[in-house]
Amino acid sequence: MMGKMAKETEVVVVGGGIIGSATAYYLARAGKDVVLMEKNELASGSSGANAGLTSTTWCPPGPLLQMSMASLKEYDYFSQELAWDIEFERCGRFTVCETEQQFEEMKPFVEVRNKGGNSLRLIDRNELLELEPNLSPSLFGAVFAPNDGHVNPLYAVYAFADAARELGAKIYEYTEPVAINAEHGCVKAIATNKGEIKTKYIINACGIGAPVVSEMVGLKIPIIPNREQMLVSEEMPPILNRVIINAGYMKDVQPTGLGDSAARKKSTQTVGTVCNQTKKGNLLLVGVNDFVGEDERTTFESFPAISEGILRVLPILRTYDVQIIRSFAKFYIYTPDQKPILGKVDGLEGFIMASGVNDYGICFGPIIGKLLSDLICIGETTIPIDEFNLSRFG
Amino acid sequence: MSEEGIICRCEELTREDIVTAIRKGARTVSAVKRRTGAGMGLCQGKTCQRLISQILGEEAGVRPQEAGMSRCRHPVRPLPISDIGGTVK
């Protein structure tokens with residue numbers, strides 16, 4: 001599988017997560033000679049340890065919303081037309097409101113997003129309980145997002161990587177870049193622990209490791225790891241038809257455009273209630289978020305914090321006496337404005353950023369791959385990505 | 001062991017499932033886990049990890065030290081959610 005490493009290629013994608021493998025796939029599909037390298041194993045970073053949510057709900061109107069909706073279409077195509085089994089489903093999502101105030105705040109939230117092209121709907125308690133009878137009757141209502149859903153993030157990474165390989169991409173695991181050679185402001189080659197590859201383009205899709213690779217060409221990028229802890233339940237019969245997230249969490253964690261975008265301050269901890277039932281029946285319960293550097297241990301404190309929130313929203317879990325079988329922790333790829341860092345970099349021809357995807361990398365992976373492939377192959381993108389350029393940080 | 005022999009009881013995965021993952025490139029117990037879900041069930045790999053390590057050796061010549069084990073996380077055994085989030089009524 002590893003084989004001898006190529007000496008020369010057109011594009012090197014660094015980082016074997018969802019962004020890297022999707023980018024390699026779209027480039028290979030467009031006929032480019034592409035190498036995907038990963039310092040560890042495919043899907044061993046943030047892409048391999050998350051709830052697998054595909055959501056448009058939070059996206060403010062503009063390129064982020066356009067990208068999320070376009071990405072779902074790519075997932076449709078990839079899973080239906082090409083029949084890759086990645087457990088992708090537009091099952092819908094409820095952003096549930098626990099207080100009347102939250103419910104009121106959601107009115108302008110929904111209006112703004114629907115003007116921008118989304119199709120969200122604010123529903124009251126009665127309708128919510130009709131559609132999702134296991135939810136607590138104490139909830140005030142919810143934002144219903146019919147197109148949101150989930151995917152198995154591990155299967156998605158492997159499917160894009162396997163599909164890329166079938167199209168001729170070369171994939172090297174345990175291959176870590178050590179230096180980037182540039183001449184006259186152009187990328188020339190990338191040196192790794194396994195040897196050097198000549199290339200015209202280098203795409204930095206390294207997630208929380210992206211600053212290390214950018215540092216090799218003297219670029220500073222403001223990406224900070226934000227630890228997210230989650231719990232996993234045993235497999236159980238279907239108790240939810242859709243993904244559940246509490247409105248307070250979305251407000252704390254995501255750039256919601258509610259007047260407090262990027263509300264999450266450094267050094268604060270947030271506790272949320274997100275429940276996603278996988279195809280096998282496990283519940284993925286999110287989460288406690290904090291800034292602790294690259295410490296990916298889980299804490300005992302996260303267990304009651306997450307469990308109490310989820311029991312409030314889904315009291316039926318107590319009746320089932322559902323068992324928690326595992327906890328895990330990985331990182332959001334946090335940026336100060338919670339927007340991604342995408343596209344070309346001033347002053348270094350051939351170096352392209354594909355990181356800073358906060359907590360929406362799994363949802364955005366396919367469209368980022370497609371747009372960056374277009375950027376390289378035809379020099380422009382169907383959705384404008386200028387506002388995500390690294391230069392915005394000055 | 002036959003191709004149909006169950007390796008991961010919790011997730012009902014056969015030897016053939018494990019071998020397929022290895023043929024697709026998995027070279028560690030963690031990589032097999034990510035590709036197949038082996039070890040993600042109720043017992044969290046207590047039995048299957050060693051078996052998978054052995055199969056990695058047979059199919060791909062991977063030594064046990066290289067095959068490794070998947071990461072251990074809390075809880076050591078399943079915990080009822082009502083005990084953990086006990087203050088909510």
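At what angle do the axes of helix α1 and helix α3 of chain B cross? In this predicted model, the answer is roughly 55 degrees, with the two axes coming within 10 Å. Helix α1 covers residues 15-23 of chain B, and helix α3 covers residues 48-60. With that angle, α1(B) and α3(B) are oblique to each other. The crossing itself is right-handed as α1(B) passes α3(B). On the α1(B) side the contact is made by R15(B), I18(B), V19(B) and I22(B); α3(B) answers with I52(B), I55(B), L56(B), E59(B) and A60(B). Sorted by class, that gives seven nonpolar residues and two charged ones, with no polar residue in the mix.

Next comes the sheet, which takes in strands from both chains. Nine strands make up an open sheet with mixed pairing. Reading across, the order is β5(A)-β6(A)-β4(A)-β14(A)-β15(A)-β16(A)-β13(A)-β17(A)-β3(B). Which strands sit at the edges? They are β5 of chain A, residues 121-124, and β3 of chain B, residues 79-80, and each of them pairs on one side only.

The link across the chains is worth a look in detail. Strand β17 of chain A, residues 323-334, pairs with β3(B) in the antiparallel sense, and two bridges hold the pairing on record. In one place I324(A) stands opposite L79(B). In another, Q323(A) has P80(B) as its bridge partner in β3(B).

A helix of chain A also packs on this sheet: α8, made of residues 302-313. Helix α8 touches β4, β13, β14, β15, β16 and β17 of chain A. Its direction makes about 60 degrees with that of β15(A), a strand spanning residues 270-277.

As for the wider meeting of the two chains, how many residues does each one bring to the contact? Chain A puts in 25 residues and chain B puts in 21. On the chain B side, α2 (29-36), β3 and α5 (81-84) each supply at least two residues. The biggest giver there is α2(B), with four residues. By class, the side of chain B that touches chain A is made up of nine nonpolar, eight polar and four charged residues.

A few backbone details round out the picture, starting with cis peptide bonds. One joins V286(A) and G287(A), with omega at about -5 degrees. G287(A) lies in strand β16 of chain A, and β16 is one of the strands of the nine-stranded sheet and one of those touched by helix α8. Over in chain B, the bond from H74(B) to P75(B) is cis as well, with omega near -10 degrees. P75(B) belongs to the loop between α4 (64-67) and β3 of chain B, so this loop leads to a strand at the sheet edge.

Positive phi values turn up too, in residues that are not glycines. E87(A) has a phi of about 55 degrees and is found in the loop between α2 (63-81) and β4 of chain A. Is E87(A) buried, partly exposed or exposed? It has 17 C-beta neighbours inside 10 Å and so counts as partly exposed. In chain B, phi of E12(B) is near 50 degrees. E12(B) sits in the loop between β1 (6-8) and β2 (13-14) of that chain. With 11 other C-beta atoms within 10 Å, E12(B) is exposed.

Key: Residues numbered from 1 in each chain as written. Chains lettered and ligands numbered in written order. Predicted model: local features only at pLDDT ≥ 70, side-chain atom pairs only at ≥ 80, totals over all residues. Pairing = 2+ DSSP bridges. Contact = placed C-beta atoms within 7 Å. Axes fitted to C-alpha atoms, helices over the stretch in contact; angles between N-to-C directions. Parallel < 35°, antiparallel > 145°, perpendicular 65-115°, else oblique. Left-handed = near helix turned anticlockwise from the far one by under 90°. Nonpolar A, V, L, I, M, F, W, Y, C, P; charged D, E, K, R; others polar. Buried ≥ 20, exposed ≤ 12 C-beta atoms within 10 Å, placed from the backbone.
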